[in-house]
Amino acid sequence: MRGIAPPARRLAEPLFRGGRGRPRLPVLVALLALVAPPGPSDAQDGVVVEQAPVEPGAGAAALIVEPAGAEAPAAEAPAADRRPETEQDAADEAAFGPPEAATAIPSSGSATPEAGTAIDERVLALPALVAAGDLQLRGRYARLDLALPVESGATVRRAALKLAYQSAPSLLSESSRLVVSMKGEALAELPLSPRRGQTRAEITLPGDALPAGADTLTLTAWQEHREGCSLTLSRDLWTQIDPANSYLTLEVEHPDGALVLSDLGEPNWPLGRTGGAVSIITPEPVETDLWLELGGLVARGLALRLEDRPLIIEHRAAPPAGGQGGGTTLAADQPLDLPAGDQVVIGTFDQLLTTLGLEIANRIQGPYIGVHRLDDEHGDGVLVISGLTEDDLLFAATAFANPALELPAAPSVMVDEMPPLSPAPIPFVRPGRIQTLEQWAAPSGPRSQSDERRMSFVLMLPPDFYVADNRKAELRVNYGYKPNVGAGSALHVIVNGEYAGLINLEDSAEGGIVDGQPVRLPLRLFRPGRNVLTFEPALTNADAVGCSQLADGGPSVGVFGDSTLWLPTVSNVVNLPDLGLFASLGFPYGAEGMEAPTSLVATAYDPSTIGAAWTLVARMAQTARAPLLSLDLGFSVRNERAHVLYVGPLSTLDQRVAARTPLARLHLRRDENASFLPPGSGPADSPKPLVQAWAPPGGGEGLVPLRAAHAEAWPVAGERAEWERQIGRPVTRPGGPFGRIAAAMDDLVEDASRSVSELLPQAWQPDLAAREPGFFGDESKQFDGAAVALASPFAPRRTATVVTAADPRMLERAVAALVQPATWYALRGDVAAWTLERPGAAAARVAARFPLQDPPSGLRQSVLYWNSYFAEHPAFWMLLVLGGILMLALITRISVRRLAGTGG
Amino acid sequence: MTPFLLTFWLLCATIVFWIGLQDVGLATQAWLALAAIASLLALRLFKPSGLIRMFILLLAAFVTLRYLSWRTFYSLPPVDSSGFAPGLILYLAELHAIGLYFLGMFANLAPKERAPARLPQHLENYPSVDVFIATYNEPIEILRITLTAATHIRYPKSRLEIFLLDDGGTDEKLHGRNATAAAAARQRADGLRRLCEELGVHYLTRRSNTHAKAGNINSALTQSSGDLVLVLDADHVPAQDILEQTVGHFLRDPKLALVQTPHFFVNPDPVERNLGTFYMMPSESEMFYQAVQKGLDFWNASMFCGSAAVLRRRHLLRVGGIATSSVTEDALTSLELHAAGYNSAYVDRPVVAGLAPETFDSFVTQRTRWAQGMVQILLLNNPLLKRGLTPAQRLCYLNSCLFWLFPFSRLVFVAAPLCYLFFGLRIFEATLSEFILFTLPHVLCSLMIANHLFGRLRWPFVSDLYELLLSLFTIRPVLVVLGRPRAPRFRVTPKGDAIVADQVTRLAMPVFILFCTLLIAALIGLFRYYASPLEQDHLTIVMAWNVVNLALALAGLGVMYERAGGASTGWILRDKPINVVTRSWEARGVLQSASLQAARLVIDFDQAQGVDPGERYGQVQIVLPGSGMVSDFPILIEREDVHRGQLVLDAWFLPDGWQDEHGLVALCFGDSAAWVAFQEQRQRERSLAGAFAALFMLGLSRSLMMAKAILFRERLVPVSTDSTAMVPYHDLWKGRR
């Protein structure tokens, strides 16, 4: 082991003993446990303890502990509204349903508040309450402090702690216990019964024990050895709390219902809490670039404060003042007719005066950001962005978009100074350096102890990470495994869904800890932007003896966070267009400091299109972790030398752009209830493609349809059936080595075909789409939304990206589906399409890519650049090679003839 | 090659080499692979020559260069991984194989077709020639044939002297401590003296057996005086035109020291016989003699092969005679001659007919000596360091020496997949795509190139089979040489061993163990393939590799079941016109094939109307090679058969006196054109798949027969390693009687 083991690592020693016996803190540990029969329930006063039902054969229980600094789970959202955060979440939810804990704690509903008060019900996952994110109690005495988020002035009316935990098999249950306490006062004592498998307990906490303000709930474990076990195993003393199934539920009463801006994005903030759409309300229909920009700024501000939670935005124009015409101001004598849910109102003082009332309006003395609780039964809040003038309003919106602006613990603020922009840097893995997993990798995947067998890390690679070559990344895995790991066990390493290597686990009676096990990963499996590195254990259970036989824990293996990854220096080339890069980093629109201008163009004026544009820009801000202030929003292209992102219904797109895409061959469904119909189409046309006029002569430009091989990177396992339905054939590779070879050859043929098509004149290019049963031109395969990236027809080395649907309403819904992680991260290649029903997207590459920048000047980078160029243009490299060999053959031939003439 | 050309060539080669090292991704590699394979297919189909052929060869070499680059930089296991050590060994084995591939390609760049060199018109211009026939323990019957044929050599008698160099009759042998052996030696020596007197041949011997064959020839050099020396092994029967084909070259080039001719074998080696491929597949030696030697000749590096070669005495003596510091004295002698600045020539015409080892045991003995000798040369007379050689000669000799390290690389290739299948060691870091795009094209291209260069002379995978079998038995002797380069002693290859019944060779056990190991590994692979879906890519690579090894091992296992001797030996196809005369009928026909004992006569049906089946005795009238007269040979007709409208007679020769014996030797061995025709009729190209399937099926068939024999026979006769009981030129009839 390198360096000095931190104290926390030393604490982890008992879990993986044997080997060289060095301590280790597993950042991420997978436990594959044998299924234990359910045991009787224990009950105490105020405490309900039950045995977790485990389905026979389910077999595996996984436990994932987040590293410090890992993203908090979206536990604030009730289970019913919770959306999968990653494709892995989605996969598991598809396969296993939503996490059990989320449904195990039913919402108590809204209590009737007292006059002048509001009730806020919160469901808080335990990992969010622990500073280190580690929910493991180790050693004979262990303690875990949970921070309680109850804001000042609030009253806890009801509280309950639900714990799901499992203890080491070596514990002696008679003398081991877990105590829940606050301020030194024990609230409950729970048994630690390792034989029972996972134990679940629900503890009702006295409301008066949880005063408002920062406070701490303490879990203390006293853990004793099991008697009669081997000495080595008796050192295993731990209790693991299931992070997915352990919750704290609070019912908090606000004495005056007041909200403060500093709570924006916090768990108790009502805006965005439900997971539904947020409405941005403008005083009039948005028809100017300014108002489109204003909404976009607010969307970005909201998104960045909600971190990674998908944010869906709808646009509503306020109704005209009641009966007074004009429609430019909100009605003064009528209550604001806001839709249920979350709202943001933007407008100038004049526009909002009558609506908000004099008391609030008087606060608007300049650029204004305020929050007010609506007087309705839900206690929803409304965020107000305003100003005396449009300039003030723009200033306020821009400030709000800036995450560096610290919002005060007050209902409103007048922004008088714009804080310097300090976007949160994306923690890129830098090639050429050795970095630890915990240094930059955030584990992903469901945090359930019963479903997950994989351990996944999300790595971000910079956009100029060129990966077409044959080099290898070197992973040095530090891992430990328990004594009962049987012969033939292995830890598979998977990169972006592709098998990359394996580690054989030695059949050891004592378990072991291994440092620096090298695994070579083909660099080609990585890509710029978001990458998922997965460890998948394949464990067998050794013949149990002694304590292992008594234990209900099965074989386990843990990968430590100080495992390292080294990526070789690569060519710093950005090849565009690439939807994968767009989805991972927002590139090129999200690249701060890019010299090239960037624009987002909404191609229609209807609220649905505008809402879709705002939703998209919000997701891009989250992706780029920056407010994208350089992104220019408008209804038309003001700078044709910009990278342009078009958002709009298919029929409204710029034909100069659309004609260069294969969208005409894509079958996009319309919204059945849509009132908007594109010109020239009618109900009788459905479900034919809406736009036929854009089909280029010859049916496309070297289209390459989707193939089954694309499904290998399909992030959502549960969506395979849908994929098969879409492409019309099974995606599971046929068994046997020939099937694998055939799949690999399939790739080669595609690459070669594409390269050939690049060489041919346009008119000669084969219509590959017509030959292959892909998603182009096949009426049985219909989608709701599509994204296409292409080289800009207006400027060299610029891209145009199109996000579109058949009609505005469908566009709004399609973009809402798009920003969900499972679909967003499935964007690949330069054409992608998706449906509303299923997460995920079908993707393909149609056109060749081009490098975004000029060749570099340094020798090393120049060589790498040209290598990458040739990798993108194999024909040129082949011509070079053939020319060189021909010359060599010619000289050799002449030489041989001369030698022969001289008798050798 | 002018300095300008050389510089330009080096510049181009450097650029192409540099391009080959660049990492340009899999799609680009796919292009290259497709282009190379398509070119090689074109090479196979259209047989282009000149510049196009050269281009395709270089393109294939470029594919291998890309593979080597990828292996070196991207597919080796991490240094501190458990797979590194075996991975490095595999890499070194591949380096060896690829190095040989490139060297072989260089050596065979422009095979030289030499025009015949005529002898002078006037007798006084003929150089004098001494024929040295070296013997140690070969039976007198064999030597009788060789010596008889030597007396038939067409060359002015005044310029030709024939010497029998008997190393079995030295003082050391005749007066050895072992009285029985000494008596046998005396008896043999006496017999040989009488034979020499009978044939008019000089009998030479010496005091001791120092330096074995090399010492024997060197001793004879001191007792003779001819300008040229024709060296023959005891079993190498010369054709009448052997000197007509060779001596003329010496008159053209005064610096010429050596003219080598091919070794043609009238019987199959154990692999050919046990798999039954002698008449359908080119012999193993043909590739070396009809392709490699011609390639070496272009670079003035053709090698002395110990027999069937003519050397210029003066030049030979200048380098100290036949070299003695290696058990392959022949190769070392040619190395010394080349290093001294003398030239060599290779005449691609079989003018001797010899005997290949009959048993697998003696075959291994022969190849072990070759391997040890060439490694000795590598260690003690390294061609790269030897002064006087041209760069091309260095590379050619290096190729010849390095080849004999094949036991290491071959066994590594066999063991490599087992590392993963048995122990899970990843020693080859590659994905399936990389394997398909880098390894497969390299393997395919090298196989196709080999098939292009040598396909007519050796089926694909035959080399692999020979190397696999020999690796198991030569690895230890080669290791011994590497440790003690001067340790090996010359061992005469036993010739003419008789196998009286089908039997399992005593050397079968290692091959059997190897086969079982590979089979078990294949089964484990299958199990893991379905048990570990994530490993399927890697398993696909490993299992495919293992299956190839397994098929070769199966073919090798078939070789271990040795066929009874005589079934297919010593028959030369002739198609020579004859008259068959009996007391009751006469007919014109064709001598289809003949050995010294028997012949197959074919008579057209219209000629056979008057044939009396009851008539058993008669005569064959035939014009013998080198004679313008019709000779008669008494025959006994054993059997008649009608086949495709022809009457086929199988007959025994009944030689009566020395004239008939001379006539039979002249009939069977006098005309080298018959051997050329025989070789050409079996030189047919096979596709990669066809050859692989044929070897697999032949191996499977023989293995099943062996299994049946082991299971149902009561007793298996062990192969005799004692070569004293020899019957020269077994023939078909003995097998039938």
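A salt bridge, as I will use the term today, is a side-chain nitrogen of Lys or Arg lying within 4 Å of a carboxyl oxygen of Asp or Glu. Please keep in mind that what we are looking at is a predicted model.

With that term in hand, let us begin in chain A, where A:Glu474 and A:Arg520 form a salt bridge whose closest N and O atoms are 3.0 Å apart. The two partners come from distant parts of the chain, since A:Glu474 sits in strand 23 and A:Arg520 in strand 26, 46 residues apart. Are these two residues buried or exposed? A:Glu474 has a relative accessible area of 16%, and because buried means under 20%, it counts as buried; A:Arg520, also at 16%, is buried by that cut-off. This pair does not stand alone, for salt bridges that share partners join A:Glu474, A:Arg476, A:Arg520 and B:Asp80 into one network.

Staying in chain A for a moment, I would like to show you strands 24 and 25, which run antiparallel and are joined by six bridges, one of them pairing A:Val493 with A:Gly501. The two strands form a hairpin with two residues between them, and in that turn A:Asn496 has a positive phi of about 50 degrees. Strand 25 is largely enclosed by the rest of the structure, because five of its seven residues are buried. For the chain overall, buried residues make up 60% of the 904 residues in chain A, and the chain has 18 helices and 40 strands.

Now to the place where the chains meet. How many residues of chain B are in contact with chain A? There are 61, and they touch 63 residues of chain A, with a buried area of about 5600 Å², of which carbon and sulfur atoms give 72%. Three salt bridges are found across this interface, and in one salt bridge the side chains of B:Glu434 and A:Arg524 meet at 3.1 Å, N to O. There are also twelve residue pairs in polar contact across the interface. On the side of chain B that touches chain A, the largest share, ten residues, comes from helix 3 of chain B, and by class that side has 41 nonpolar, eleven polar and nine charged residues.

Finally, within chain B, B:Arg188 forms a salt bridge with B:Asp166, the closest N and O atoms being 2.9 Å apart. It links helix 7 to strand 2 of chain B, with 22 residues separating the partners in sequence, and both B:Arg188 and B:Asp166 are buried.

Key: Residues numbered from 1 in each chain as written. Chains lettered and ligands numbered in written order. Predicted model: local features only at pLDDT ≥ 70, side-chain atom pairs only at ≥ 80, totals over all residues. Heavy atoms only, no water. Contact = heavy atoms within 4.5 Å. Buried area = accessible area lost by both parts, 1.4 Å probe. Polar contact = N/O pair within 3.5 Å; in protein donor to acceptor, adjacent residues only side chain to side chain. Helix = DSSP H or I, 4+ residues; strand = E, 2+ residues; numbered from the N terminus. Nonpolar A, V, L, I, M, F, W, Y, C, P; charged D, E, K, R; others polar. Buried < 20%, exposed > 50% of the residue type's maximum accessible area, 1.4 Å probe, protein only. Pairing = 2+ DSSP bridges.
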